[in-house]
Amino acid sequence: MMTAMRRIAGKSAATISTSPSLFVSYRGIATKLFVGGLSFYTTDKGLTEAFSQYGQVVEATIVSDRVLDRSKGFGFVTFASEDEAHNALSEMNGKTLNGRVIYVDYAKPRTDSRNEVPIARGPPEPS
């Protein structure tokens, strides 16, 4: 697998992680879904189990607040094929999971808003 990844990425084995999400991003073989409205008690394993009936789940992640160390109420599920992801989206959107109605949509590319506007650090320098 590492040889294939090196060929795809054009990098040495030392610089390539073996995480599924990295492999998926290079190959483009999976579709990531956004899942919102999750209960704070939903776990990665619970999310995987709920969505695995619609296909092969490559990765399921609940986004957590670093300060409070609890779920932010949303997560992502990555499927091995677009057909499986589409099926899961159509079947799970609006369904109840752990007592909460969840909303499923295709994940959008991440935008790095941190670099757009600099943070002000006091009054401007006099000219």
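**Entry 1. Terms and overall make-up**

I count two strands as paired when DSSP finds at least two bridges between them. The model I am examining is predicted. With that criterion I looked up the sheet and found four strands in an open arrangement, ordered S2-S3-S1-S6, with antiparallel pairing. S2 and S6 (103-106) are the edge strands; each has a single partner strand, so one side of each lacks a neighbour in the sheet. From one strand to the next I obtained an average twist of 25°.

I then listed the secondary structure of the protein chain, which amounts to four helices and six strands. Along the sequence the pattern reads α-α-β-α-β-β-α-β-β-β. Of the 127 residues in the protein chain, 28% are buried. I also examined the contacts between residues at least 6 apart in sequence: 56% of them join residues at least 24 apart.

**Entry 2. Strand pairings**

I went through the sheet pair by pair. S2 (residues 57-65) and S3 (residues 70-79) run antiparallel and are joined by seven bridges. Within this pair, Ala-60 faces Val-77 of S3, and Glu-59 is opposite Thr-78, also in S3.

Next I took S1 and S3, which pair in the antiparallel sense through six bridges. Here Gly-36 has Phe-74 of S3 as its bridge partner.

Last I took S1 (residues 31-36) and S6, an antiparallel pair with four bridges. Phe-34 is bridged to Asp-105 in S6.

I noted for reference that strands of a sheet pair through backbone hydrogen bonds, either parallel or antiparallel.

**Entry 3. The helix across the sheet**

Which strands does helix H3 lie across? I found that H3 (residues 44-51) lies across S1, S2, S3 and S6. Its direction makes an angle of about 140° with S2.

**Entry 4. Phe-74**

I returned to Phe-74, which is located in strand S3. Its relative accessibility is 25%, so I class Phe-74 as partly exposed; the cut-off for buried is under 20%. I asked which residues Phe-74 touches once those up to four places away in sequence are set aside. The contacts are Phe-34, Val-35, Gly-36, Leu-38, Ile-62 and Val-63. Among these, Gly-36 is also the bridge partner of Phe-74. I further computed the C-alpha separation of Phe-74 and Gly-37 as 6.1 Å, although the two are 37 residues apart along the chain.

**Entry 5. Positive phi angles**

I searched for residues other than glycine with a positive phi. Most residues other than glycine have a negative phi. I recorded Asp-69 and Asn-98.

Asp-69 has a phi of about 55° and is not a glycine. Asp-69 sits in the loop between S2 and S3, a hairpin with four residues between the strands. Is Asp-69 buried or exposed? At 67% relative accessibility, Asp-69 counts as exposed.

Asn-98 likewise is not a glycine and has a positive phi of about 55°. I located Asn-98 in the loop between S4 (96-97) and S5 (100-101). Its relative accessible area is 47%, so Asn-98 is partly exposed; exposed would require over 50%.

**Entry 6. Ser-81**

I placed Ser-81 in the loop between S3 and helix H4 (82-92). Ser-81 has 23% relative accessibility and is therefore partly exposed. I checked its separation from Val-57, 24 residues away along the chain: their C-alpha atoms are 9.3 Å apart.

**Entry 7. The largest pocket**

I searched for open space in the protein. Rolling a probe the size of a water molecule over the atoms shows where empty space is left. For the largest pocket I obtained a volume of about 320 Å³. Which residues line the largest pocket? I listed Lys-32, Val-63, Phe-76, Ala-107, Lys-108, Pro-109 and Arg-110. By class, this lining has four nonpolar residues, three charged residues and no polar residues. One of the lining residues, Val-63, is also among the contacts of Phe-74 that I recorded in Entry 4.

Note on methods
Residues are numbered from 1 along each chain as its sequence is written. This is a predicted model: local features need pLDDT of at least 70, side-chain atom pairs count only at pLDDT 80 or more; totals for chains, interfaces and linings use all residues. Side-chain values use heavy atoms; hydrogens and water are left out. Helices (H or I, at least four residues) and strands (E, at least two) are DSSP runs, numbered from the N terminus. Axes are lines fitted to C-alpha atoms, for helices over the stretch in contact, and angles run from 0 to 180 degrees between N-to-C directions. Contact means heavy atoms within 4.5 Å. On a 1 Å grid over the protein atoms alone, a cavity is a set of points where a 1.4 Å probe fits but cannot get out, and a pocket is an open set with protein on both sides within 12 Å along at least five of seven lines; lining residues have an atom within 4 Å of a point. Grid points are joined across faces, edges and corners, and a volume is the space filled by probe spheres set on the points. Ala, Val, Leu, Ile, Met, Phe, Trp, Tyr, Cys and Pro count as nonpolar, Asp, Glu, Lys and Arg as charged, and the others, Gly among them, as polar. Buried means under 20% relative accessible area, exposed over 50%, partly exposed in between (1.4 Å probe, protein chains only).
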